[in-house]
Amino acid sequence: MAPSAASGVSSLPSGFAVFTTPDLLFIFEFDAAYHCVASLFYFGASVLEALAAIQLQDGFLYKYYHENISAVVFSYVATLLYVVHAVFSLIRWKSS
């Protein structure tokens, strides 16, 4: 049995003391993993949007086709920005 368990004193903080410990910083490791997973999902959505625009090219009016193309371009720009943000998050996480 561990000495702290035998004495009944817990080394884990409780209440608002949780927010004052340096161990709280491990949550930022989840931010880096989250950005990588989100980038993958954004890329998947961009590919599906492009596929939908290509397949529906003949059946759409010219205006709606251009709206779909605009959505594809915007989704790829958003995906690129999210990937760049994920890379910088990983660099910052590795350097800390």
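This passage looks at a serine inside one helix, the residues around it, and a nonpolar patch on the surface of a predicted model.

A good place to begin is Ser-39, which sits in helix H2, a helix covering residues 27-55. With a relative accessible area of 7%, Ser-39 counts as buried, because that value falls under the 20% cut-off. Its side chain reaches back to the backbone oxygen of His-35, at a distance of 2.7 Å. Once neighbours within four places in sequence are set aside, the contacts of Ser-39 are with Thr-79, Tyr-82, Val-83 and Ala-86. One of these, Val-83, is 44 residues away along the chain, yet the C-alpha atoms of Ser-39 and Val-83 are separated by 5.5 Å.

Val-83 also appears in a second setting, the surface. Together with Leu-80, Val-84, Val-87, Phe-88 and Ile-91, Val-83 makes up a nonpolar surface patch of about 530 Å². Leu-80, a member of this patch, belongs to helix H3, which runs over residues 62-95. Leu-80 has a relative accessibility of 54% and is therefore classed as exposed, the cut-off being over 50%.

The database record can be set beside this picture. An unreviewed UniProt entry places the feature "transmembrane region" at residues 32-56 and 68-91. In the model, residues 32-56 are 96% helix and 0% strand, with 36 Å between the end C-alpha atoms. Residues 68-91 are 100% helix and 0% strand, and here the end C-alpha atoms lie 35 Å apart.

Note on methods
Residues numbered from 1 in each chain as written. Predicted model: local features only at pLDDT ≥ 70, side-chain atom pairs only at ≥ 80, totals over all residues. Heavy atoms only, no water. Helix = DSSP H or I, 4+ residues; strand = E, 2+ residues; numbered from the N terminus. Buried < 20%, exposed > 50% of the residue type's maximum accessible area, 1.4 Å probe, protein only. Contact = heavy atoms within 4.5 Å. Polar contact = N/O pair within 3.5 Å; in protein donor to acceptor, adjacent residues only side chain to side chain. UniProt positions renumbered as here; feature names shortened; annotations may be inferred. Patch = residues over 30% accessible without salt bridge, like charges linked within 9 Å, V, L, I, M, F, W, Y side chains within 5 Å. Areas by Shrake-Rupley, 256 points an atom, 1.4 Å probe, with all protein chains shown as cover. Salt bridge = Lys/Arg side-chain N within 4 Å of Asp/Glu carboxyl O.
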